[in-house]
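Thanks for coming, everyone. I have one structure to show today, so let's put it on the screen.

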Amino acid sequence: WFVPFDEFAQRVRSAGVATQLDRFDPTANDWLPQDTPAIRTPSAAITYPRLGRRRRAGAEPERFRVRLSALGYQALYPADDEPFDATVRGIEFQAHPYDDAQPPAVPTEARLVRLLPGASFPYGPGVRIVYGVVVDGPTRVPVANALVQARGTTSRDGVPWLERTLTDPSGGFRLSLRWEGELTGPAPDQVFHLQAIERPGRTGALDIRLPADGRRRHVIELSNDPVGGGDQRRCQ
């Protein structure tokens, strides 16, 4: 069962969240869409409680995946303890068989699914936004579903903050920066460190100054250097 979490609002939500369930067919070596309806609990969890029910519980487990969608959001499928990989486009799991006499061999666990603001997210008035595109460094080809993030700490109380988004199919991103950046230059400029990740070992980095760079289109180039693209500045 899955718990959608709105990362921008920092709250659990299931209203407006749609799911698509697929079953892996070993014969076709492909994912096949299923029409099994999801059940939503009062606590906003999305469940598929009868996937493993069999007449005989001795059958083999079946492999499934679920994909979530919501207007303005993109789902972050790798779990919090997993490295990000843009090729992961769903949450895979196994449905273990059970019947009235024999429970599933493996107990079910809740899985938090973070919903990140996408490129079309309707940020409210007054929210500071930077925008741009993530591209492959050598070829300049846009990279879809890349993770773009910025992090820092507040100067007054040292509380860490993190803002994240995912690129759209054309590699574009819009990232909110609601917190303060580093005060390392002449006022009122603040420095923010942006990082883009396609997969482990394939990253890019960009430093921007606000408000000076606020209206520019930023380009983050990915490279195979595991420390990212360094202090690159690309604006158009």
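I'll go through the overall picture, then the strands, the salt bridges and a few backbone details.

First, the ground rules. This is a predicted model, where local features need pLDDT of at least 70, side-chain atom pairs count only at pLDDT 80 or more, and totals for chains, interfaces and linings use all residues. Residues are numbered from 1 along each chain as its sequence is written, and side-chain values use heavy atoms, with hydrogens and water left out.

Now the overall picture. The protein chain has 17 strands and 0 helices. Both come from DSSP runs, numbered from the N terminus: helices are H or I with at least four residues, strands are E with at least two. The chain has 236 residues, and 45% of them count as buried. Buried means under 20% relative accessible area, exposed means over 50%, and partly exposed is in between, with a 1.4 Å probe and protein chains only.

Next, contacts, meaning heavy atoms within 4.5 Å. Take those in the protein chain with a separation of 6 or more: 62% of them come from residues 24 or more positions apart. As for surface, the protein chain exposes about 13000 Å², and carbon and sulfur atoms supply 52% of that. Those areas come from the Shrake-Rupley method with a 1.4 Å probe; for residues, only the protein chains shown count as cover.

On to the strands. Look at the open sheet of 3 strands, in the order β14-β11-β17, with mixed pairing. Two strands pair if DSSP finds at least two bridges between them. Which strands stand at the edges? They are β14, residues 172-176, and β17, residues 217-222; each has a single partner strand, so one side of each is left without a neighbour in the sheet. The twist averages 35° from one strand to the next. Here axes are lines fitted to C-alpha atoms, for helices over the stretch in contact, and angles run from 0 to 180 degrees between N-to-C directions.

Zoom in on β11, residues 129-136. It pairs with β17 in the parallel sense, over 6 bridges. One residue pair to find on screen: Val134 has Ile220 in β17 as its bridge partner.

Now compare the hairpin. β15 and β16 form it, with 2 residues between them. β15 covers residues 190-199, and 9 bridges join it to β16 in an antiparallel run. Leu194 has Leu206 in β16 as its bridge partner. In the turn, Gly201 has a positive phi of about 85°. And β16, residues 202-210, is mostly covered, with 8 of its 9 residues buried.

Salt bridges next. The structure holds 13 of them. The criterion is a side-chain nitrogen of Lys or Arg within 4 Å of a carboxyl oxygen of Asp or Glu.

Start with Glu7 and Arg164, whose side chains meet at 2.7 Å, N to O. Glu7 sits in the loop between β1 (2-6) and β2 (11-12), and Arg164 in strand β13 (residues 160-166), so the pair ties together parts 157 residues apart in sequence. Buried or exposed? Glu7 is buried, at 10% relative accessible area. Arg164 is buried too, at 15%.

The second pair is Arg63 and Glu92, with the closest N and O atoms 3.0 Å apart. Arg63 is in strand β7 (residues 62-70) and Glu92 in strand β9 (residues 91-95), so this pair ties together parts 29 residues apart in sequence. Arg63 is partly exposed at 34%. Glu92 is partly exposed at 47%.

The third pair is Arg199 with Glu198, at 3.6 Å, N to O. Arg199 counts as partly exposed, at 35%, while Glu198 counts as buried, at 19%. There is also a network: salt bridges that share partners join Glu7, Asp80, Arg114 and Arg164.

Last, the backbone. Most residues other than glycine have a negative phi, and most peptide bonds are trans. Where does this model depart from that?

The peptide bond from Leu210 to Pro211 is cis, with omega near 15°. Pro211 lies in the loop between β16 and β17.

Arg140 is not a glycine, yet has a positive phi of about 65°. Its place is the loop between β11 and β12 (147-153). Arg140 is partly exposed, at 39%.

Asn145 also has a positive phi, near 65°. Asn145 lies in the loop between β11 and β12. Asn145 is buried, with a relative accessible area of 10%.

That's the tour. Over to you.
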